[in-house]
Amino acid sequence: MLTAVDHVQLAAPPGSEDLLRAYYSGVLGMTETPKPPALAARGGCWFEAGDVRLHLGIERDFRPARKAHPGLRVTGIETYAARLAAHGAPVTWDGLLPGHRRFYSEDPVGNRLEFLEPVRS
C-alpha cells in the first residue's frame with residue numbers, strides 16, 4: 001500500500017550545484033539536507049521544506065524536464081510568484097485547473113516547476 005511520496009527527483013547538469021543551492025534555498029526558501037556520504041560522491045543536492053523533498057541529481061547528458069514536473073503547493077501564491085519574478089525566474093500563469101490558482105516556472109537549469117494554491121470558496 002502506498003502511503004506518501006517520499007521525494008521527487010529532478011536532474012541537473014554536472015557542476016550546477018551552486019546554482020541549485022542559490023535557487024532552491026535562496027529563492028524558494030528550502031533547506032538543503034545532507035546526502036549520505038556514498039550518494040554525496042555523485043554530486044547533486046537535496047532540499048526540503050516541511051513535507052516537501054526535492055532531490056537534484058547530476059546527469060552527465062542532462063536535458064531539462066519540459067513536460068514532467070513536480071506540482072508544489074504554496075500559500076500566498078501572488079507573493080510567491082512575485083518573489084520568483086524578482087529573482088529573474090519566469091512566471092507563467094495558467095487558469096485551467098478548477099479550484100486552484102497556479103503558475104509554471106523553471107529552475108536555473110531549465111526544469112519545469114508548477115506552483116499551485118487551492119482557491120477557497
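These exercises work through the salt bridges, the overall fold and three selected residues of a predicted model.

## Exercise 1. Fold and dimensions

Determine how many helices and strands the chain has, in what order they come, and how the chain's radius of gyration compares with the globule rule.

Step 1. Count the elements. The chain holds 3 helices and 8 strands.

Step 2. Put them in sequence order. The pattern reads β-α-β-α-β-β-β-α-β-β-β.

Step 3. Check the radius of gyration. The chain comes out at 15 Å, and the globule rule gives 14 Å for 121 residues. The two values are close, so the chain is as compact as a globular protein of that length.

Step 4. Add the box. Along the principal axes, the C-alpha atoms fill roughly 50 × 40 × 25 Å.

## Exercise 2. Burial, surface and charge

Find what share of the residues is buried, what makes up the accessible surface, and how far apart the mean positions of the charges are.

Step 1. Take burial. Of the 121 residues, 37% count as buried.

Step 2. Take the surface. The accessible area of the chain is about 7,500 Å². Carbon and sulfur atoms supply 55% of this area.

Step 3. Take the charges. There are 14 positive and 14 negative ones. Their mean positions lie 3 Å apart.

Step 4. Look at contact range. Consider contacts with a separation of 6 or more. Residues 24 or more positions apart account for 53% of them.

## Exercise 3. The network around Arg 53

Identify which residues are linked with Arg 53 in a network of salt bridges, and locate the partners.

Step 1. Start from the total. The whole structure contains 9 salt bridges.

Step 2. Pair Arg 53 with Asp 6. Their side chains form a salt bridge at 3.0 Å, N to O. Arg 53 sits in strand S4 (residues 52-58), while Asp 6 belongs to the segment before strand S1 (8-12). The two residues are 47 positions apart, and the pair links distant parts of the chain.

Step 3. Pair Arg 53 with Glu 48. This salt bridge has an N to O distance of 3.9 Å. The cut-off is 4 Å, so the pair counts.

Step 4. Join the pairs. Asp 6, Glu 48 and Arg 53 make up a network of salt bridges.

Step 5. Check exposure. Arg 53 has a relative accessible area of 36% and is partly exposed. Asp 6, at 47%, is partly exposed. Glu 48, at 29%, is also partly exposed.

## Exercise 4. A bridge from helix to strand

Work out which elements the salt bridge between Arg 21 and Glu 32 ties together.

Step 1. Confirm the pair. The N to O distance between the side chains is 2.9 Å.

Step 2. Place the residues. Arg 21 is in helix H1 (residues 17-27), and Glu 32 is in strand S2 (residues 31-33), so the bridge ties together parts 11 residues apart in sequence.

Step 3. Check exposure. Arg 21 is partly exposed at 30% relative accessible area. Glu 32 is partly exposed at 32%.

## Exercise 5. Two glycines in loops

Decide whether Gly 29 and Gly 43 are buried or partly exposed, and list their contacts beyond four places in sequence.

Step 1. Place Gly 29. This residue is found in the loop between H1 and S2.

Step 2. Classify Gly 29. Its relative accessible area is 45%, so Gly 29 is partly exposed.

Step 3. List the contacts. Gly 29 touches Tyr 24 and Arg 83. Its C-alpha atom is 9.5 Å from that of Phe 47, a residue 18 positions away along the chain.

Step 4. Place Gly 43. The loop between helix H2 (37-40) and strand S3 (45-49) holds this residue.

Step 5. Classify Gly 43. Its relative accessible area is 18%; buried means under 20%, so Gly 43 is buried.

Step 6. List the contacts. Gly 43 meets Glu 17, Lys 35 and Ile 58. Gly 57 is 14 residues away in sequence, with a C-alpha to C-alpha distance of 6.9 Å from Gly 43.

## Exercise 6. Gln 9 in strand S1

Find which residues Gln 9 contacts beyond its neighbours within four places in sequence.

Step 1. Place the residue. Gln 9 is part of strand S1.

Step 2. Classify exposure. At 48% relative accessibility, Gln 9 is partly exposed.

Step 3. List the contacts. They are His 55, Leu 56 and Gly 57.

Step 4. Compare sequence and space. Gln 9 and Gly 57 are 48 residues apart in sequence. Their C-alpha atoms are 6.9 Å apart in space.

Conventions:
Residues numbered from 1 in each chain as written. Predicted model: local features only at pLDDT ≥ 70, side-chain atom pairs only at ≥ 80, totals over all residues. Heavy atoms only, no water. Helix = DSSP H or I, 4+ residues; strand = E, 2+ residues; numbered from the N terminus. Buried < 20%, exposed > 50% of the residue type's maximum accessible area, 1.4 Å probe, protein only. Rg over C-alpha atoms; globule rule 2.2 N^0.38 Å. Contact = heavy atoms within 4.5 Å. Areas by Shrake-Rupley, 256 points an atom, 1.4 Å probe, with all protein chains shown as cover. Lys, Arg positive; Asp, Glu negative; His and termini not counted. Charge placed at Lys NZ, Arg CZ, Asp CG, Glu CD.
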